[in-house]
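Me: I should like to learn how to read burial, helices and confidence in a model. May we take the features one at a time?

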Amino acid sequence: EAAFEMAKKVLEGINQLTALVDSKQIGGVQYAVDKSFETDKTVFAILGPHQTNYGNDPLQGCHLIFKPDILFHPDTFIIPAAATSYSSNFRGAIDQRPWFAKHRRGTAKEQMIHEKMHPCVKDTWSTLATDLICRAAVSQGQPVRKTTLDDVKKYWMAQDSHLVFEAHLPYCIPFTMVESVVMHETNFNTKLTAHVQTVLKDTTTVITKTTPAEVVATAIKRTTEEHEHTRPPCFAMRCYSP
């Protein structure tokens, strides 16, 4: 009987999801560039610390920190900066990568496709690391050979998240792939249904009662420290209610 009830709930959820798809209420944030690049068929995330408040939520929204395992799904890919930067130099993303600007060819979508990387491909990590070191050097106007790890860390933490590594994950991800959730207590109590609250409490949810800035600091800490000596790092995605 318990199994029947569980199956019934799953089917009800699938029906609700299908209805949302048909009504076009889901499918990214309805941004035209995402649709033209077909990235609206993926889940957007940042490969590493995510500190930009896209939703303008004063309480800093909800941070989902994914398990590194999701990296190896065949539909996952990583690009050096936000997909939108290929069509608009969004927030100077291309200016920070003059080597890319010099050799870019084809349409904006083709440029993004040419820079797609997957962790299973040889030299993915060294390629991303080299790109990031060079960007840190450009930002400080110094030779690459003089750029230190601290310079790279400072560069990352000073950037809008559109300017760091953007990961695109499979369109549907089971909640078992979420390592932890970080959000402010007020958002937890006022913006989630009782059922979702119950589900989250069964995970390693961190509910902060302090300042909104502490929400971001806690999420960054959990994204970086837990996997500091392992590869790959965690993903961080931020969600906001309407």
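Me: Is Cys172 buried or exposed?

Reply: Buried means under 20% relative accessible area, exposed over 50%, and partly exposed in between (1.4 Å probe, protein chains only). Cys172 has 56% relative accessibility and therefore counts as exposed. Cys62, with a relative accessible area of 13%, is buried. The model is predicted: local features need pLDDT of at least 70 and side-chain atom pairs count only at pLDDT 80 or more, while totals for chains, interfaces and linings use all residues. Residues are numbered from 1 along each chain as its sequence is written, and side-chain values use heavy atoms, leaving out hydrogens and water.

Me: How many disulfides does a search of the whole structure find?

Reply: A disulfide is a pair of cysteine sulfur atoms within 2.5 Å. The search finds zero.

Me: Which residues of helix H10 are buried?

Reply: Helices (H or I, at least four residues) and strands (E, at least two) are DSSP runs, numbered from the N terminus. In H10, the buried residues are Val215, Val216, Thr218, Ala219, Ile220 and Thr223. Across the protein, 42% of the 242 residues are buried.

Me: Which element has the lowest mean pLDDT?

Reply: pLDDT is the predictor's confidence in each residue, from 0 to 100. Strand E7 (residues 235-239) has the lowest mean, 50, and strand E3 (residues 77-79) the highest, 93. Over residues 238-242 the pLDDT is below 50. Where pLDDT is low, the predicted coordinates should not be read in detail. The protein averages 79, and 79% of its residues score at least 70.

Notes
Contact means heavy atoms within 4.5 Å.
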